[in-house]
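Here are some exercises to work through with the model open beside you. Try each task on your own before you read its solution.

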Amino acid sequence: MIFGSYDIIVVGAGHAGAEAAAAAANLGMNTLLITQNLDTICQMSCNPAMGGVAKGQIVREIDALGGFSGIVTDNTMIQFRMLNLSKGPAMWSPRAQCDKMRFSHFWRKILENTHNLSLWQDEVVAVTTENCCVTGVETKLGLTMLAKAVILTNGTFLNGRVYIGETTFSAGRIGEQPAVGLSDQLKNLGFEVEKLKTGTPVRVDGRTIDFSVLTEQKGDEKVGKFSFNDTPRLTEQKSCFLAYTSEKTHDILRTGFDKSPMFTGRIQGVGPRYCPSIEDKIERFSGKDRHQLFIEPEGLETNSYYVNGFSSSLPLQVQLDALHSIRGFENARIYKPGYAIEYDYFPPTQLSYTLETKLVENLYFAGQINGTTGYEEAASQGLVAGINAALKLKGRPSFVMNRTQSYIGVLIDDLVTKGVDEPYRMFTSRAEYRILLRQDNADVRLTPLSHQFGLASDERLRRVEEKLHFSQQLTACVENTSVLPSEANALLESLDTPAIDLKVKLKNLLLRPQVHINDLLKISAPLSDTLAAVPENLRDECLEYSEVLVKYQNYIYKEQEVANKILKYETVPLKEDFDYFALQSLSYEAREKLSKMRPKTIGQASRISGVSPADISVLIIYLSRGEK
């Protein structure tokens, strides 16, 4: 039975699916979002937080492009912290604890009120194709839904299997059915399919935790935001807490190793290197006598706490005994156990930079189906897939960001050129130009790009232009205004930095690490008057942006200079049908990898594993002779 025809169908309503569906619909596409359960849209199935190191930058980039993850986070957060403030601004990363139930409900409210978007509760069991082009999907209810493009965002549900010690059963998440059949059908179409695993810890009843013996971790006094829009500021924060395992905890956990599905080989998939299970930690870091746990509240109106760092697939009794050995958790009761989940994913080297599959036209993959981990990484992929599916159907140029433009560009470039052999997680260290890709300038970098194809609104662009205008005025004031020793020295003394003997520019003072632009407002009437002209809702952003530009001007300039040089070769095109095997000067491995990956530019070719700088030099010399 044919049950409707759409421009774009999005399968899965996690973070990737929600962003993909919203983007496609807001770009004018008649869009359908299909999910197994409409009550679990954008469920925070792991920790109840958004952002963090590099991930916070991604959420701000999503917002700058016109996505909704930042807006939802601002409206549902219960704690905010800016991480790495003791380091340079390239490392500053916003992080928020969220009310997980409100987060899901808020996302559903957005989607249900998005023009051009319909929702349907069902399970997709097959993708339909004709002449290597997608034509729609088939569902468990026996329905055929036609579409010009399909975006798959299935998360951990493809042939998902849960493990708790020797107990194992099929599930997409604990208590939810897996998606069975679709993965095998895609394999029959010619796609390469592999397995990964991830896990989650126990959820503890907060009424049974002795918080008095834990270390409280409050949110920032100055509460920040994720969205560049005028979203509400958090007024009531809920604390997190730190706890620690002990040698006793580790000894108890070791008693379950002989029944661990990870150690006995029943789990074949590779787990996340940077978020290992507790049993993996004590095995890999056997010299450590304790590990830190981060105790996170799951909402304002629930007693449930997430024990970050205690992910486990060990038998339930071992998990409980080990938990009870942790100071403060001696009498803890749990709401649900920790578990591991193994699932199918599709190596992302099978994708183009738009996240369209190379094998089937107009079929896109986004999120954990591509081997990533984390809400933020998934959401960014969904946004890019939704944008590109819509642009292609409109006959417009695709939207691809390079590594100098965004963390999202770094993420997708890494996935498509390097692939993954373990769940991929974003870090600031993955970005070569991270001082250019700061969280404070995501709107400046990306909103004008998004506005060009119609996702970022005129209002969003106007706000960016206002921010730039007023920031430039503040910067100019700092650079051109002077202060006398009599005006500045009391402040400098209070900040434990040397006094001045002569009149100096405010800029010279701001270059000192102890001095911030808010300090200068106390001693400079011209700077205070300049700030007074800035709209109140933009003041904090403009002050931060201006201070970074002044303090780190030389670093930013040098990094931009290097990026421009790299870009000279980054965009040199390579033909789709380039015969690499005919170029004998290339190493055999390079010829194999280049022939398989088919990079579109020299820059993409340079990041393929197995392609050496010498191989790139051969290509550049070859192309410089006019051979393309």
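**Exercise 1. Decide whether C42 is buried or exposed, then describe its backbone and its place in the chain.**

Solution. Remember as you go that this is a predicted model.
- Step 1: The relative accessibility of C42 is 0%, so C42 counts as buried, the cut-off being under 20%.
- Step 2: To place C42, look in the loop that runs between β2 (31-35) and β3 (49-51).
- Step 3: The phi angle of C42 is near 50°, which is a positive value in a residue other than glycine.
- Step 4: That sign deserves a second look, because most residues other than glycine have a negative phi.

**Exercise 2. Carry out the check of phi, place and burial for A54.**

Solution.
- Step 1: Phi is positive here too, near 70° for A54, a residue other than glycine.
- Step 2: The loop between β3 and α2 is where A54 is found.
- Step 3: With a relative accessibility of 0%, A54 counts as buried.

**Exercise 3. Find how many disulfides the model has, and work out why C240 and C477 are not in one.**

Solution.
- Step 1: A pair of cysteine sulfur atoms has to lie within 2.5 Å to count.
- Step 2: For C240, the closest cysteine sulfur belongs to C98 and is 11 Å away, so the gap is too far for a bond.
- Step 3: For C477, the closest cysteine sulfur is in C542, at 13 Å, again too far for a bond.
- Step 4: The count comes to zero disulfides.
- Step 5: As for their surroundings, C240 is buried with a relative accessible area of 0%, and C477 is buried with 9%.

**Exercise 4. Name the residues that touch the most other members of the largest nonpolar core, then follow W107 to its contacts.**

Solution.
- Step 1: The largest nonpolar core has 114 residues, and those touching the most other members are I9, W107, L152 and L363.
- Step 2: Helix α9 (residues 375-393) gives this core its largest share, 10 residues.
- Step 3: Apart from this core lies another one, of 25 residues, including L474, L510, V515 and I523.
- Step 4: Now turn to W107, leaving aside its neighbours within four places in sequence: W107 is in contact with A18, E19, I41, C42, F68, S69 and V72. C42, from the first exercise, is one of these partners.

**Exercise 5. Describe the lining of the largest cavity and of the second largest cavity, by residue and by class.**

Solution.
- Step 1: The structure holds three cavities of 30 Å³ or more. The largest has a volume of about 80 Å³, and the second largest about 50 Å³.
- Step 2: Around the largest cavity you will find D63, A64, F228, N229, D443, T447, R460, R463, V464, K467, L538 and E541.
- Step 3: At least two lining residues come from each of α2 (55-65), α11 (442-453) and α12 (458-480), with α12 giving the largest share, four residues.
- Step 4: Sorted by class, this lining has six charged, four nonpolar and two polar residues.
- Step 5: The second largest cavity is lined by Y353, V384, F399, V400, M401, I408, G409 and I412. Helix α10 (residues 407-418) gives the most to it, three residues.
- Step 6: By class, the lining of the second largest cavity has seven nonpolar residues, one polar and no charged ones.

**Exercise 6. Find which helix gives the largest share of the lining of the second largest pocket.**

Solution.
- Step 1: This pocket has a volume of about 870 Å³. Its lining counts 34 residues, and M82, L85, W92, K222 and E544 lie nearest its centre.
- Step 2: Two or more lining residues come from each of β4 (77-83), α15 (517-520) and α17 (539-551).
- Step 3: The largest share, seven residues, comes from α17.
- Step 4: By class, the lining divides into 15 charged, 12 nonpolar and seven polar residues.

**Exercise 7. Place S277 in the chain and list what it touches.**

Solution.
- Step 1: S277 sits in the loop between α6 (247-254) and α7 (278-284).
- Step 2: Its relative accessibility is 4%, so S277 counts as buried.
- Step 3: Not counting residues up to four places away in sequence, S277 touches K197, M262, S311 and S312.
- Step 4: S277 and L314 are 37 residues apart along the chain, and their C-alpha atoms are separated by 9.5 Å.

How values were computed: Residues numbered from 1 in each chain as written. Predicted model: local features only at pLDDT ≥ 70, side-chain atom pairs only at ≥ 80, totals over all residues. Heavy atoms only, no water. Core = buried A, V, L, I, M, F, W, Y, C linked by side-chain atoms within 4.5 Å. Buried < 20%, exposed > 50% of the residue type's maximum accessible area, 1.4 Å probe, protein only. Contact = heavy atoms within 4.5 Å. 1 Å grid on protein atoms, 1.4 Å probe; cavity = no way out; pocket = protein on both sides within 12 Å on 5 of 7 lines; lining within 4 Å. Points joined across faces, edges and corners; volume = space filled by probe spheres on them. Nonpolar A, V, L, I, M, F, W, Y, C, P; charged D, E, K, R; others polar.
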